[in-house]
Amino acid sequence: MKPHPDPDTGSRGPVSVMDADGCAILRFAGELGADRVLDVEQQLLDVRLSQVREWVLDMSDLASMDLACAYALLRAATRIPATTTVRVRGARRTIQRTLQRASIDALATIE
């Protein structure tokens with residue numbers, strides 16, 4: 001998988017997706033507010049994401065995430081096969097709390 005360009009601006013969207021031997025590495029960057037929910041959802045609907053055995057959500061470059069984007073992530077994670085594991089890496093404490101409020105910790109391991 002190659003990073004997803006934003007069709008409107010040609011730049012990388014809020015989430016870049018790379019495939020590494022059956023593992024999707026999703027790198028989140030910048031600030032994810034309600035104005036980016038549709039961008040996030042569109043990128044997470046990529047059919048290739050349902051064909052990997054693991055999602056690694058790299059949030060080390062993510063400055064902030066609001067609850068609407070966390071719920072978008074939760075919706076995407078509930079659509080993948082139950083055998084797919086999901087791990088969150090590098091999330092700041094405030095982002096971890098937002099993910100927990102959205103109950104992502106029920107589906108994912110937050111490291």
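Helices and strands are here taken as runs assigned by DSSP, at least four residues long for a helix and at least two for a strand, and they are numbered from the N terminus. In the predicted model, the protein chain read along its sequence follows the pattern β-β-α-β-α-β-α-β, with 3 helices and 5 strands in total. Of the 111 residues in the protein chain, 44% are buried. Among the contacts with a separation of 6 or more, 66% join residues that are 24 or more positions apart.

The 5 strands form an open sheet in the order β1-β2-β3-β4-β5, and the pairing within this sheet is mixed. Because β1 and β5 (109-110) stand at the edges and have a single partner strand each, one side of each is left without a neighbour in the sheet. Further inside this order, β3 and β4 pair in the parallel sense over 5 bridges, and Trp55 has Val86 in β4 as its bridge partner. Two helices pack on the sheet: α2 touches β2 and β3, and its direction makes about 175° with that of β3, whereas α3 touches β3, β4 and β5, and its direction makes about 120° with that of β3.

The largest nonpolar core contains 31 residues, and those with the most contacts inside it are Leu26, Phe28, Trp55, Leu57, Met59, Met65 and Leu99. Two or more residues are given to this core by each of β1 (15-19), β2 (23-32), α1 (37-44), β3 (54-65), α2 (67-79), β4 (85-89) and α3 (93-101), and the largest share, 6 residues, comes from α2. The surroundings of Phe28 can be described in the same way: when its neighbours within four places in sequence are left aside, Phe28 is in contact with Pro14, Val15, Leu57, Asp58, Met59, Asp61, Leu62, Met65 and Leu73.

The helix α2 was then examined by itself. With 13 residues, α2 reaches 19 Å from its first C-alpha to its last, which is close to the 18 Å expected at 1.5 Å a residue. At the N-terminal end, α2 is capped by Asp66, a side-chain oxygen of which lies 3.3 Å from the backbone nitrogen of Ala68. The buried residues of α2 are Cys69, Ala70, Ala72, Leu73, Leu74, Ala76 and Ala77. An α-helix has 3.6 residues a turn, so residues three or four places apart point the same way. The buried residues of α2 pack against β2, α1, β3 and α3.

Note on methods: Residues are numbered from 1 along each chain as its sequence is written. This is a predicted model: local features need pLDDT of at least 70, side-chain atom pairs count only at pLDDT 80 or more; totals for chains, interfaces and linings use all residues. Side-chain values use heavy atoms; hydrogens and water are left out. A nonpolar core is a set of buried Ala, Val, Leu, Ile, Met, Phe, Trp, Tyr and Cys residues joined through side-chain atoms within 4.5 Å. Buried means under 20% relative accessible area, exposed over 50%, partly exposed in between (1.4 Å probe, protein chains only). Contact means heavy atoms within 4.5 Å. Two strands pair if DSSP finds at least two bridges between them. Axes are lines fitted to C-alpha atoms, for helices over the stretch in contact, and angles run from 0 to 180 degrees between N-to-C directions. The expected span of a helix is 1.5 Å times one less than its number of residues. A polar contact is a pair of N or O atoms within 3.5 Å; within protein, one must be able to donate a hydrogen and the other to accept it, and residues adjacent in sequence count only if both atoms are side-chain atoms.
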